[in-house]
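Thanks for having me, everyone. I'd like to walk you through a structure that's probably new to most of you, so let's get it up on the screen.

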Amino acid sequence: MHISYDVIVVGGGHAGCEAALASARMGMQTALLSMNLDTIAQMSCNPAVGGLAKGQLVREVDALGGEMGKVIDETAIQFRLLNASKGHAVRSPRAQADKKRYQFTMKRRLEDQDNLYLRQDSVEKIVIEEKEILDLVAKSGTKYRCKVVIITTGTFLNGLIHIGSSQVRGGRSSEPSSDILSSSLQNLGFETARLKTGTSPRLNGSKINYGILQGQEGDKNPTAFSFSTKTIQRPQVNCFITHTNRLTHEIIKSNLDRSPLYTGQIKAIGPRYCPSIEDKITRFPDKEQHQIFIEPEGLDTTEVYCNGISTSAPFDVQEAMVRSIKGLEETNITRYGYAIEYDYVPPTQIKPSLEAKNVDNVFLAGQINGTSGYEEAAAQGIMAGINSVLKIRGHKPFVLDRSEAYIGVLIDDLVTKGTREPYRMFTSRAEYRLVLRHDNADRRLMKYGYQYGLIGKKQWEELLKKEEIISETNEYIEHKKNGADSLLKLLRRPDMNFNNLLELDRELSRKNIPPSVQEQVEIEAKYKGYISRQNQQIEKFKKMENFTLPSQFHYETIPGLRKEAQQKLEQLRPVSLGQASRISGVSPADISILMVYLLGKGKKCIQSIPT
């Protein structure tokens, strides 16, 4: 049987969901193929969305017209704004999800979407017979034909699960791995490598002694993820905090010879910023305790996730470890923690559009590019979905740069620097984070979502109205006096906020300015000098990004360019002088030589960014 679509998305995780929805909403006949349709959008690790820098990614996905923010707003059971007491640049929304409700709500969005077809099947081979035609051979024997394929296989490529000395082929607990597809990618010329990640045990929450644990409440006024969400009325539940102790550490240390991390059984590199509990007590031997968050998995279950003790220890060690922890003495493990090794494609092999460099019409998104996290996956997914459609239409690819979005930082880091460990987004990775805040993602990116047909006219007009009110309010407070000072000057004081202005000026209070506008006006007033300075830095950055480099060019012919720089530039083929400057092994002196040489050769040597 042969079935044809415009775009086929392989994999139903968070990247696959956003890619498929974007493609279908842009008018393409799209199929999403998943080995198990019941696990679409499953939260394989902790049941939460957002967090430091990750919350910014979700809001950016929403501003582009994605679905993750809307679904978490509808299904979350606790909302918290992290770093609320710190500066706006590092604040991030986070929400505890009702795991199953999130999963099935997202699945329903996919099922209801026009132009989108869900099929339970497993792709094993990609065949390229003609330049713009791809054939996917599935395990069922079905052949799927498409113009573009988006690979979003997560941890399923050659997945190998470890618990103690036990090794089981699998892409996730109780699910098979995808082994043949990895070989097919290699046959197409892709280099693959191995990464490792892990998860914590789940517990029966009904037997936890919550009375002796520290409770962690949600915010009384929740911060929504989606700009289309007006209010959040859902009841919120508590999370709880406990800690490991000396006995816990002794149990783990005395059994390290049985841990696959320390016996040499696991060979791949794991996430540095989310280490296993075995790594924590080994790397920090003087630390007497490590924090654990007890996170409920949903309203209809007592099962909880033990965030902070990711482990691949044997079953008996996990049991002893858990029962040594305060409040968990009488509980039982419902699902054991495990580590998983899997294949990924080092992302220097893809373009900023997420299309492969060596194979036309093949896009990669999510953990296959070396990232970790639902949010990083969703961000890549929507970008791959948009660019797959643009590729079919013969249009220029959609590329966000580092000054526009955390998504731009994420993808630029991957394609320019690559990664040898699971990549996680942090605010510190974004050099322009003061202007890339979660609160202004709509103002930065919704124009693109509207341009590509992913944001409706009503929502776009609401943003235009918001911009109009912001402009009018800024003008009003700049010129309206209160005593000797303008309202704007008063607002810039550390002890003043917009509510204080409303109390001081009755005319301003009668304008009924929306809270989202008040927030933008206050931030811009207080950080005006810093924002202005960062905008000047962005202008310099843009000049480097706009200095595009030839797609076909022999860097070894440039006199004075160091051998290492020549090799790196030949290998990575940067699209701009800015990207070239961020390549490891290319020095500022190399960039100066390259720029002088190209300018000396004249405009014939400079072309548009290749598609």
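I'll go through some strands, a helix, a pocket and a few cysteines.

Before anything else, keep in mind that this is a predicted model.

Okay, strands. Let's begin with an open sheet of 3 strands, in the order β4-β6-β5, where the pairing is antiparallel. So which strands stand at the edges? Those are β4, residues 48–50, and β5, residues 76–82. Each of them has a single partner strand, so one side of each is left without a neighbour in the sheet. If you look at how the neighbouring strands sit, they're turned by 20° against each other on average, ignoring direction.

Let's look a bit harder at one of those pairings. β5 is joined to β6, which covers residues 92–97, by 6 bridges, and the two run antiparallel. If you want a spot to find on the screen, take F79: its bridge partner in β6 is A95. And a general reminder while we're on strands: in a regular strand, side chains alternate between the two faces of the sheet.

Now move further along the chain, to β8, β9 and β10. β8 is residues 123–130 and β9 is residues 133–138, and they pair in the antiparallel sense over 6 bridges. How many residues sit between β8 and β9 in their hairpin? There are 2. One of the bridges to look for puts V123 opposite A138, its partner in β9.

β9 also pairs with β10, residues 143–146, again in the antiparallel sense, this time over 4 bridges. Here you can pick out D135, whose bridge partner in β10 is R145. The hairpin of β9 and β10 has 4 residues between the strands, and in that hairpin G141 takes a positive phi near 100°.

G141 isn't the end of the glycine story. Just after helix α2 there's G65, with a positive phi of about 110°.

And α2 itself, residues 54–63, is worth a look. Is it buried or exposed? Well, 10 of its 10 residues are buried, so the helix is largely enclosed by the rest of the structure. The buried set includes charged-looking names you might not guess, if you read along: K54, R59, E60 and D62 are among them, and so are L57 and V58.

Next up, a pocket. This is the second largest one, with a volume of about 1,100 Å³. It's lined by 35 residues, and the ones lying nearest its centre are K466, P515, S516, V517 and E519. Which helices supply at least two residues each to that lining? You've got α11 (441–451), α12 (457–479), α14 (498–504) and α16 (515–526). Of these, α16 gives the most, with 7 residues. As for the mix, the lining divides into 13 nonpolar, 12 polar and 10 charged residues.

Last stop, cysteines. How many disulfides does the structure hold? It holds 0. Take C45: the nearest cysteine sulfur belongs to C274 and is 6.2 Å away, and C45 is in no disulfide. C45 counts as partly exposed, because its relative accessibility is 24%.

Then there's C146. Its sulfur is 18 Å from the closest cysteine sulfur, the one in C17, so that's too far for a bond. C146 has 1% relative accessibility, so this one counts as buried.

That's my tour, and I'm happy to take questions.

Key: Residues numbered from 1 in each chain as written. Predicted model: local features only at pLDDT ≥ 70, side-chain atom pairs only at ≥ 80, totals over all residues. Heavy atoms only, no water. Pairing = 2+ DSSP bridges. Axes fitted to C-alpha atoms, helices over the stretch in contact; angles between N-to-C directions. 1 Å grid on protein atoms, 1.4 Å probe; cavity = no way out; pocket = protein on both sides within 12 Å on 5 of 7 lines; lining within 4 Å. Points joined across faces, edges and corners; volume = space filled by probe spheres on them. Nonpolar A, V, L, I, M, F, W, Y, C, P; charged D, E, K, R; others polar. Buried < 20%, exposed > 50% of the residue type's maximum accessible area, 1.4 Å probe, protein only. Disulfide = S-S within 2.5 Å.
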